[in-house]
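Work through the exercises below with the sequence and the structure at hand. Try each task before reading its solution.

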Amino acid sequence: MKPILLQGHERSITQIKYNREGDLLFSVAKDTVTNVWYSVNGERLGTYNGHTGAVWCVDCDWDTKNVLTGSADNSCRLWDCETGKQLALLNTNSAVRTCGFDFSGNIIMFSTDKQMGYQCFLNFFDLRDPQQIDDNNPYLSIPCSEHKITSAVWGPLGEFVIAGHENGEINQFSAKSGDILKKAKEHTRQINDIQSSVELTMVITASKDNTSKLFDSNSLDHIKTFRTERPVNSAAISPTMDHVVMGGGQEAMEVTTTSTRIGKFEARFFHATYEEEFGRVKGHFGPINCVAFHPDGKSYSSGGEDGYVRIHYFDPQYFDFELEA
């Protein structure tokens, strides 16, 4: 089947996110725009306007009421998903790199960049307390002075946040005390992306060291490694099959020096158990910056440096596919 091409951004895509039911797909890019699309046919539902810098991250809560975005304009914003109205504006001292709702949708976390003399902070706000929002005063702010956070997700039950750092380290930060609960250092270079499995028992990392790794969410035990020959920008775990999809390519600045054929801008599918690659999907004109599986496992999306989001529906053969061990 031909992929559905979403054209709503003028610059490279930074993150895409499905809501829990999977009927909506949110996309953010370096062009200040946050778009929301119907995932079934690629029709654009609307835009969240307000940011004045590149938008780095987006998240949607459990019942698709609110949307959270973080941007290089030094702000994190909360939106009403249905009307597009801005509900809250949290100003920061530096760019907001990652953001997310916890399982209940009541608590948000976001991390800021280490830049312009400010260090990286991981901030927690409770949306049930309007005072925190009005005063722009998080109930917990964790300084990460050594290595900035490049990607982060909530752990199961919202007890901690799993954060990946620019030195390849993964830390579990308690959402109550701010303590580091567990550490893992399996990557040698920056972690570009962390995504959870559907039941939140595992997380998958994507790193500049050309690998993607699977970890246990609670213990941070390293389970599997998927190797490629170029940096991995994003990786996602299928909700229904033992598969992972990875997107990457070279650094954006090196792209102009190679032809698209050599650039290897495919989405790559690996078997989660055997660590074997079994398929590739072409399409983007530049590195893939983010990938996401649809919650029903029947399709996946990728967002690229070329500014396009592509929704690919799997052929029936995909579901009958068995890797020969």
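**Exercise 1.** Over residues 6-47, what percentage of the chain is helix, what percentage is strand, and how far apart are the end C-alpha atoms?

Solution. Note at the start that the model is predicted. Step one: the chain over residues 6-47 is 0% helix and 52% strand. Step two: the end C-alpha atoms of residues 6-47 are 13 Å apart. Step three: look up the record. UniProt, in an unreviewed entry, lists residues 6-47, 48-89 and 281-311 for "repeat: WD". Step four: turn to residues 281-311, which are 0% helix and 52% strand, with end C-alpha atoms 11 Å apart.

**Exercise 2.** Find the largest nonpolar core and state which strands supply at least two of its residues each.

Solution. Step one: the largest nonpolar core has 15 residues. Those with the most contacts inside this core are Met-109, Leu-122, Phe-124, Ile-149, Trp-154, Val-161 and Phe-173. Step two: at least two residues of this core come from each of strand 11 (107-112), strand 12 (120-126), strand 13 (140-144), strand 14 (149-154) and strand 15 (160-165). Step three: another core, of 13 residues, lies apart from the largest one and includes Cys-57, Leu-90, Phe-101 and Ile-108. Step four: take Phe-173 as an example. Leaving out residues up to four places away in sequence, Phe-173 touches, among others, Leu-122, Ile-142, Cys-144, Ile-149 and Val-161. Glu-159, His-165 and Asp-179 are also among the residues that Phe-173 touches.

**Exercise 3.** Describe the second largest pocket and its lining.

Solution. Step one: the volume of the second largest pocket is about 270 Å³. Step two: 13 residues line this pocket, and Phe-269, Val-281, Phe-314, Asp-315 and Tyr-318 lie nearest its centre. Step three: strand 25 (277-281) and strand 28 (309-313) each supply at least two lining residues. The largest share, 4 residues, comes from strand 25. Step four: sorted by class, the lining has 9 nonpolar, 2 polar and 2 charged residues.

**Exercise 4.** Where in the chain are Leu-200 and Glu-275, and what is the phi of Leu-200 and of Glu-275?

Solution. Step one: recall that most residues other than glycine have a negative phi. Step two: Leu-200 is not a glycine, yet its phi is positive, about 65°. Leu-200 sits in the loop between strand 18 (191-196) and strand 19 (202-207). Step three: Glu-275, also not a glycine, has a positive phi of about 60°. Its loop runs between strand 24 (267-271) and strand 25. Step four: check accessibility. Leu-200 counts as partly exposed because its relative accessibility is 22%. Glu-275 counts as partly exposed because its relative accessibility is 34%.

Conventions: Residues numbered from 1 in each chain as written. Predicted model: local features only at pLDDT ≥ 70, side-chain atom pairs only at ≥ 80, totals over all residues. Heavy atoms only, no water. Core = buried A, V, L, I, M, F, W, Y, C linked by side-chain atoms within 4.5 Å. Buried < 20%, exposed > 50% of the residue type's maximum accessible area, 1.4 Å probe, protein only. Contact = heavy atoms within 4.5 Å. UniProt positions renumbered as here; feature names shortened; annotations may be inferred. 1 Å grid on protein atoms, 1.4 Å probe; cavity = no way out; pocket = protein on both sides within 12 Å on 5 of 7 lines; lining within 4 Å. Points joined across faces, edges and corners; volume = space filled by probe spheres on them. Nonpolar A, V, L, I, M, F, W, Y, C, P; charged D, E, K, R; others polar.
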